[in-house]
Amino acid sequence: MVALALLAASSVAPALSCGDINGGAGGFPGTVVYESPAKDFHFHLLEPPWIPIKLPTGEIFFLVPPEGMISITAAQETDAAYTLHIALQNADATSAYQAHIISVWDLSKKKTFMTPGGDTGVEINWQEGPKVYHRDAYVNGSTAGTSYQLRFTAKTPLDDNALIEQMVLSFEPRAFSASRVGR
Amino acid sequence: MTALGRAARLVVPLALLLGAGARARAQTGGGDDLDDPKLARRLKTRVSVPLAAPAAANPTQPVPADPLAVAPSLPPPSAGPPPGPRTPPSAAAEPPAFPPASRSSEPVAVAQRPVKSADQGYGRTATLQLGYRRFSFVRLGAVDSGAGNGKAASEPFDSLSLDFYPFSKMIRFGISTQYGWQSGTFNSGTGDYFIAESFSLGIQRPRETWTPFVQGVGGAGYMRRFQFDRTVPTAYWQFGLDAGAEVALARHAFLTASIGYLHPVNGFAKEQSFTTVYVDTWSFKIAIGI
């Protein structure tokens with residue numbers, strides 16, 4: 001009888017909570033939408049572990065605290081496992097990319113992409129130093145001649161990081177209310 | 001005692017037994033078919049149908065523990081020294097007419113008789129299985145770039161389970177301890193995994209060499225998500241429906257294969273709230289059991 005009661009409970013409880021979000025549908029399930037204060041762009045991220053940090057200058061950047069920490073301050077940015085800075089560029093994606101080329105870039109790693117929202121861009125992975133890896137993605141803006149630079153920094157290589165890939169591909173240079181991908 | 005007397009004492013019970021067996025076959029439609037193929041496989045010819053005849057012919061009457069005791073030629077227990085387990089007193093006093101092994105096999109058949117008469121259902125033994133299941137979930141925070149609509153990337157899971165079925169008759173009930181890991185990341189420390197305790201309840205129809213079944217499954221546990229080099233603790237639960245069959249491998253082993261519908265759900269913190277993501281998927285499971 002006890003076993004049957006447990007079975008009934010285990011069967012009923014999930015039935016009452018079959019889940020909120022259909023993971024098989026689109027719209028970056030399980031993620032949080034971040035929309036810029038100016039509503040000129042938005043993207044999807046997992047929060048946690050990502051935390052938005054607002055600097056005194058007004059800039060908002062994002063970081064992942066290292067394992068074992070649940071919060072971190074801007075002053076501890078170098079300790080973060082991952083960081084993301086987003087900056088508006090006054091050039092299209094390709095031009096902005098070329099303007100940032102430095103000698104350590106292996107240009108053979110350059111990739112072009114198109115987001116589900118139909119926005120195009122270019123990106124590259126590179127290593128600045130021991131345990132300092134970057135992934136720079138440039139996404140064309142909604143206004144001609146503009147783009148956004150997404151600079152990811154981590155202590156591990158970012159080439160094949162599927163979670164970073166999602167953050168890049170979810171980026172849309174417009175308000176969330178005007179999203180082409182939807183919720 | 002003369003040789004003729006000894007022969008008569010052996011022949012009379014045997015004749016009674018054979019006669020009872022014939023009556024039983026006539027009343028039941030005959031044959032040594034057992035209701036339960038599993039039991040039949042295990043017992044094989046050791047189960048003697050004639051011994052079950054009294055119970056089948058008159059189920060309201062108690063079945064004597066030893067059919068030899070009903071032989072009218074045998075003296076009552078109080079009339080002489082206590083007999084051996086299945087040997088008439090006079091025979092016990094004589095040199096054994098059969099090798100000991102032959103004599104000991106006879107009581108075994110009688111001892112199995114109550115098992116058949118008491119179990120009118122299907123199956124009766126608890127079973128233990130080691131199972132492998134594969135299904136696809138979604139990897140939170142990763143995107144299927146080919147879908148073009150922000151659909152999450154598929155995340156196949158392999159899982160091993162230890163399934164204990166306390167009873168497995170027409171109704172089967174099981175308790176399963178399951179460990180699943182993101183396919184390709186076993187023991188790597190960099191993948192997602194879950195540990196869950198599940199219960200199953202279903203029906204089955206044992207047949208001669210295989211047993212088809214359908215069962216519902218439900219359970220819950222812990223899921224570790226590995227995101228951005230961090231362990232993110234989350235909740236996991238699942239329910240589903242399996243349909244498959246058990247196939248006998250040997251006298252005490254069987255192989256199980258099933259396919260089913262599975263509804264895994266992952267619950268986790270999203271900003272300051274708790275949210276859940278689910279999928280509806282197919283699963284495949286194989287198991288070996290005893």
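Arg135(A) is buried, at a relative accessible area of just 1%, and in this predicted model it forms a salt bridge with Glu123(A). That pair is one thread to pull on here; the other is the contact between chain B and chain A, where the salt bridge count is zero. A search of the whole structure still turns up 14 salt bridges over all chains.

**Salt bridges inside chain A**

- In the pair Glu123(A) and Arg135(A), the closest N and O atoms sit 3.0 Å apart.
- Glu123(A) belongs to strand β8 (residues 120-129) of chain A and Arg135(A) to strand β9 (residues 132-140) of chain A, so this pair ties together parts that are twelve residues apart in sequence.
- Glu123(A) is buried as well, with a relative accessible area of 4%; that is under the 20% cut-off for buried.
- Next along in sequence, Asp136(A) makes a salt bridge with Arg151(A), and here the closest N and O atoms are 2.8 Å apart.
- This second pair also links distant parts of the chain: Asp136(A) is in strand β9 of chain A, Arg151(A) is in strand β10 (residues 147-154) of chain A, and they are 15 residues apart.
- Asp136(A) counts as buried at 0% relative accessibility, whereas Arg151(A), at 25%, counts as partly exposed.
- There's a network too: salt bridges with shared partners join Asp119(A), Glu172(A), Arg174(A) and Arg180(A).

**A salt bridge inside chain B**

- Arg134(B) pairs with Asp158(B) in a salt bridge, with 2.8 Å between the closest N and O atoms.
- Arg134(B) lies in strand β1 of chain B and Asp158(B) in strand β2 (residues 152-168) of chain B, so the pair ties together parts that are 24 residues apart in sequence.
- Arg134(B) is partly exposed, with a relative accessible area of 35%, while Asp158(B) counts as buried at 7%.

**Where chain B meets chain A**

- The contact takes 36 residues from chain B and 46 residues from chain A.
- Between them, the two chains bury about 3500 Å², and 64% of that is on carbon and sulfur atoms.
- No salt bridges cross between chain B and chain A, but 15 residue pairs are in polar contact, counting pairs with both residues at pLDDT 80 or more.
- On the chain B side, at least two residues each come from β1 (127-143), β4 (193-204), β5 (210-227), β6 (230-250), β7 (253-270) and β8 (273-278).
- Of these, β1(B) gives the most, with six residues.
- Sorted by class, the side of chain B that touches chain A has 18 nonpolar, twelve polar and six charged residues.

**Strands pairing across the chains**

- Strand β1 (residues 21-22) of chain A is joined to β8(B) by two bridges, and these strands run parallel.
- Within that pairing, Ile21(A) stands opposite Val277(B) in β8(B).
- Thr275(B) also lies in strand β8 of chain B, and Thr275(B) is buried, with a relative accessible area of 8%.
- Setting aside neighbours within four places in sequence, Thr275(B) is in contact with Asp20(A) and Ile21(A) from chain A, plus Asn266(B), Gly267(B), Phe268(B) and Lys270(B) from chain B.

Conventions
Residues numbered from 1 in each chain as written. Chains lettered and ligands numbered in written order. Predicted model: local features only at pLDDT ≥ 70, side-chain atom pairs only at ≥ 80, totals over all residues. Heavy atoms only, no water. Contact = heavy atoms within 4.5 Å. Buried area = accessible area lost by both parts, 1.4 Å probe. Salt bridge = Lys/Arg side-chain N within 4 Å of Asp/Glu carboxyl O. Polar contact = N/O pair within 3.5 Å; in protein donor to acceptor, adjacent residues only side chain to side chain. Helix = DSSP H or I, 4+ residues; strand = E, 2+ residues; numbered from the N terminus. Nonpolar A, V, L, I, M, F, W, Y, C, P; charged D, E, K, R; others polar. Pairing = 2+ DSSP bridges. Buried < 20%, exposed > 50% of the residue type's maximum accessible area, 1.4 Å probe, protein only.
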